[in-house]
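Q: I'm opening this one for the first time and would like to go through it slowly. Could you walk me through it?

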Amino acid sequence: MESSPEEERRQSLLVRATEPEDLAEYTGDGSVDFRGYPILKRNTGNWRACSLILGTEVCERLAYYGISKSLVTYLSTRLHEGNVSAARNFTTWQGTCYLTPLIGATLADSYWGKYTTIAVFSTIYFLGMSALTLSASVPSFMPPQCVGSICPQPTLPQYLIYFVGLYMIALGAGGIKPCVSSFGADQFDDTDPVEKTKKGAFFNWFYFCINIGSLISGTVLIWVQENYGYGIGFGIPTFFIALAIGSFFIGSEIYRFQIPGGSPLTRACQVVVAATRKRKADLPVDSSLLYELDGKTSAIEGSRKLEHSSELRFHLCYTFVLTMHAFKLVSWNFLDTATFVRTMKVSLTKLRSFCGMNVMVLMIHGDFAQSHKLKNLKYY
């Protein structure tokens, strides 16, 4: 007799919930090694792995800012664009850089995982940097120089190689942006109090590395571009992005990997719909009944259980869906319980703080802009 899909899923969850005998030697956050096996703490992760990730971030930020800080100047002096056109192209490119992280985050969370996403988009990044270097160093790809007051327009192939390279950089930089910091955080086990403390220090060092890359590119690289030309000025960031890729791949055997758990947006929508449908349900007194499995393992692939809390209590009504019997009451065969809800609540709580902070920043920025306008008014 063939087992039903629900029975197969139940058996899969029970197998995943089985914990190793020497639990203290293994990570407790569901991370695995490069080959997908449970991973030992002493041989992987921690600062040994994070040092390579931080080095990758320094090189990547140096490359990114080395291009962005001189982009308007290059467009106006080498491609002979007007100030308005150069500014428009710069803002369009920068906007693309801030939109493409949505692609990288979706692929990393739902399909590829952070490591593969970083690897793929870093390669795209390097190809884009190489195209820019060629456009500034190979004579047939270089835009013509001005002769006196006459500035010939670049040919179509010259435009194409530059802008294709430029937007490959936007895709590559945006694709890895949401993954590098979170991949570094994955190297510390949240269930270990000592490693959890180190994670906060990692983010401090991570943003320090961003600023170091920005500082070097804004001083040394800009000076090189002005004094030795854009061929060398673009070649140096290309070398550093290649160095970043090499540094990243060296640590493949010591990284800790989180298995992609599917789209968080899908789970959030499920929580909202189910919470609405179960809004009048009574909650059990024992919060342990809210979880779908025993132990630390979650039914979400590659995740661990999140602790129950009383925040945003409206969404807790969904956790009345307690056991496998509840699958008969809902339309999703893979709908789970407390971990889904807790993920949703944490996201909403963080979003509330983020929005409040941005409102304050915008208010300060608006006051500053208004005072600047008043200061520059001329009276006749």
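**Charge pairs, confidence and helices**

A: We can begin inside one helix of this predicted model, where E57 forms a salt bridge with R61 and the closest N and O atoms are 3.9 Å apart.

Q: Where do E57 and R61 lie?

A: Both E57 and R61 are in helix α2, four residues apart, which is about one turn of the helix. In general, an α-helix has 3.6 residues a turn, so residues three or four places apart point the same way.

Q: And are those two buried or exposed?

A: E57 and R61 are both buried. The helix around them shows a similar picture, since 18 of the 23 residues of α2 are buried, so α2 is largely enclosed by the rest of the structure.

Q: How far does α2 reach from end to end?

A: From its first C-alpha to its last, α2 reaches 32 Å, close to the 33 Å expected for its 23 residues at 1.5 Å a residue.

Q: Back to the charges, then: how many salt bridges are there?

A: The count comes to eight salt bridges. One of them joins R35 and E253, whose side chains meet with 3.0 Å from N to O. That pair links distant parts of the chain, with R35 in the loop between α1 and α2 and E253 in the loop between α9 and α10, 218 residues apart.

Q: How open are the two partners, R35 and E253?

A: R35 is exposed, with a relative accessible area of 54%, while E253 counts as partly exposed at 45% relative accessibility.

Q: Which residue does K41 pair with?

A: K41 forms a salt bridge with D192, and their closest N and O atoms are 3.2 Å apart. K41 lies in the loop between α1 and α2, and D192 in the loop between α7 and α8, so the pair ties together parts that are 151 residues apart in sequence. K41 counts as buried at 17% relative accessibility, and D192 counts as buried at 16%. There is also a network of salt bridges here, in which K41, D189 and D192 are linked.

Q: There's a lysine in α8 I was looking at, K199. What does K199 touch?

A: Leaving aside residues up to four places away in sequence, K199 touches A185, F188 and D190. K199 sits in helix α8 and counts as buried, with 16% relative accessibility.

Q: Changing topic, how many disulfides does the structure hold?

A: The structure holds one disulfide, formed by C146 and C151 with their sulfur atoms 2.0 Å apart. The link of C146 and C151 is right-handed, with 110° about the S-S bond.

Q: How accessible are the cysteines, including C146 and C50?

A: C146 is partly exposed, with a relative accessible area of 32%, and its partner C151 is partly exposed as well, at 33%. C50, by contrast, is buried at 0%, and C97 is buried at 2%.

Q: What does UniProt have on transmembrane regions?

A: An unreviewed UniProt entry places the feature "transmembrane region" at residues 118–139, 159–180, 201–224 and 230–250. Two of these spans can be set beside the model: residues 159–180 are 100% helix and 0% strand, with the end C-alpha atoms 31 Å apart, and residues 230–250 are also 100% helix and 0% strand, with the end C-alpha atoms 30 Å apart.

Q: One last topic, the confidence. What is the mean pLDDT of the chain?

A: The mean pLDDT of the protein chain is 76, and 62% of its residues reach 70 or more. Among the elements of the chain, helix α6 (residues 114–137) has the highest mean pLDDT, 94, and helix α1 (residues 5–17) the lowest, 51.

Q: Where does pLDDT stay under 50?

A: One such stretch is residues 13–21, for which the model has 15 contacts beyond four places in sequence. Over residues 312–336 the pLDDT is also below 50, and that stretch has 74 contacts in the model beyond near neighbours in sequence. Where pLDDT is low, the predicted coordinates should not be read in detail.

How values were computed:
Residues numbered from 1 in each chain as written. Predicted model: local features only at pLDDT ≥ 70, side-chain atom pairs only at ≥ 80, totals over all residues. Heavy atoms only, no water. pLDDT = per-residue confidence, 0-100. Helix = DSSP H or I, 4+ residues; strand = E, 2+ residues; numbered from the N terminus. Contact = heavy atoms within 4.5 Å. UniProt positions renumbered as here; feature names shortened; annotations may be inferred. Salt bridge = Lys/Arg side-chain N within 4 Å of Asp/Glu carboxyl O. Buried < 20%, exposed > 50% of the residue type's maximum accessible area, 1.4 Å probe, protein only. Disulfide = S-S within 2.5 Å. Expected span 1.5 Å × (residues − 1).
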